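Hi everyone, thanks for having me. Could you please bring up the sequence and the model on the screen, so that we can walk through them together?

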Amino acid sequence: MKRLAIGDIHGRTEWKKLIDQEFDEIYFLGDYFDSYEDFTIPHQVDNFNEIISLARKDARIKVCLGNHDYHYLKGLEYTERYSGFQHHGYIDISEAVESAMDIIQIVYVTEDNYILSHAGVTKTFLERFEMQHPLDINERFKEDRKILKHTGYNVYGDDPANGPLWVRPFSLANDAVDGYKQIVGHTQVDQFQTLNDTIFLVDIGSNSEGFHF
């Protein structure tokens, strides 16, 4: 099995050079919006829509939700819009994200026990919502989108009670779900990093060639 994980793109288009390669599965780990490189709203929306269009045609492509996509969803309160939120682009981005929610997942789990999500899954988060398995998050999210909001306990998100859009590497490594390896974005690093031989940090910004696993 030859697989690729692509970290936070924030409007960047480098991913187009990666998916032409021969992979059995390709995972986008979220954060398609809230560019820090002055990409326009139309550019970000078009880039996201292109990914979703490809995912609909190609079953190899799996799409995760990130925190910079989450706060454009409908039904959230104003206080649930976080750093980077583009107020002037809310309508267009919200429409794009909502139209893709039938194909976007929060968590993927491979047959060989890799968890792929934006930030990672902790035991504490599963216990908070009385869930038994990481994939239960996908169904619970459909019932209540607010289970993924930031806890507020730690501004940076470095708290194991935070969910798979927010938890930071230190908390994840100390409270990761047993029996799995996890591949996450969310926290940008200079180069791919591994924590406890089980947590793989793959958001290396514009330098990314994708993480092979």
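Let's begin at His186, which sits in the loop between S6 and strand S7 (193–195). Keep in mind that we are looking at a predicted model. The phi of His186 is near 75°, a positive value in a residue other than glycine. Most residues other than glycine have a negative phi. Is His186 buried or exposed? With a relative accessibility of 9%, His186 counts as buried, because buried here means under 20%.

Now compare that with Asp38. Asp38 is not a glycine either, and its phi is positive too, at about 65°. You will find Asp38 in the loop between strand S2 (25–28) and helix H2 (41–57). Its surroundings read the other way: Asp38 has a relative accessible area of 77%, so it is exposed, the cut-off being over 50%.

Let's step back to the whole chain. How many helices and strands are there in the chain? The chain has 7 helices and 9 strands. The radius of gyration is 16 Å, close to the 17 Å that the globule rule gives for 213 residues, so the chain is as compact as a globular protein of that length. Along the principal axes, the C-alpha atoms fill a box of roughly 40 × 40 × 30 Å. Of the 213 residues, 56% are buried. If you take the contacts with a separation of 6 or more, 60% of them come from residues 24 or more positions apart. On the outside, the chain exposes about 9,900 Å², and carbon and sulfur atoms supply 45% of that area.

Next, the charges. The chain carries 20 positive and 36 negative charges, and the mean positions of the two sets are 3 Å apart. Side chains of opposite charge can pair when their charged atoms come close. In this model the count comes to 9 salt bridges, and I have picked some of them to show you.

Which residue does Asp112 meet in a salt bridge? Its partner is Arg3, with 2.7 Å from N to O. This pair links distant parts of the chain, 109 residues apart: Arg3 is in strand S1 (residues 3–6), and Asp112 is in the loop between strand S4 (107–109) and strand S5 (114–117). Arg3 is buried, at 5% relative accessibility, while Asp112 is partly exposed at 42%.

Another salt bridge joins Lys123 and Asp178, whose closest N and O atoms are 3.6 Å apart. Lys123 lies in helix H5 (residues 123–128) and Asp178 in the loop between helix H7 (169–175) and strand S6 (181–184), so the pair ties together parts that are 55 residues apart in sequence. Here Lys123 is partly exposed, with a relative accessible area of 30%, and Asp178 counts as exposed at 55%.

My last example stays inside one helix. Glu143 and Arg140 form a salt bridge, and their closest N and O atoms are 3.8 Å apart. Both residues lie in helix H6 (residues 136–143), and they are 3 residues apart, about one turn of the helix. Glu143 is exposed at 64% relative accessible area, and Arg140 is partly exposed at 26%.

That's my tour. Thanks for listening!

Definitions and conventions. Residues are numbered from 1 along each chain as its sequence is written. This is a predicted model: local features need pLDDT of at least 70, side-chain atom pairs count only at pLDDT 80 or more; totals for chains, interfaces and linings use all residues. Side-chain values use heavy atoms; hydrogens and water are left out. Helices (H or I, at least four residues) and strands (E, at least two) are DSSP runs, numbered from the N terminus. The radius of gyration is taken over C-alpha atoms; the globule rule is 2.2 Å times the number of residues to the power 0.38. Buried means under 20% relative accessible area, exposed over 50%, partly exposed in between (1.4 Å probe, protein chains only). Contact means heavy atoms within 4.5 Å. Accessible areas come from the Shrake-Rupley method with a 1.4 Å probe; for residues, only the protein chains shown count as cover. Lys and Arg count as positive and Asp and Glu as negative; His and the chain ends are not counted. The place of a charge is taken as NZ of Lys, CZ of Arg, CG of Asp or CD of Glu. A salt bridge is a side-chain nitrogen of Lys or Arg within 4 Å of a carboxyl oxygen of Asp or Glu.
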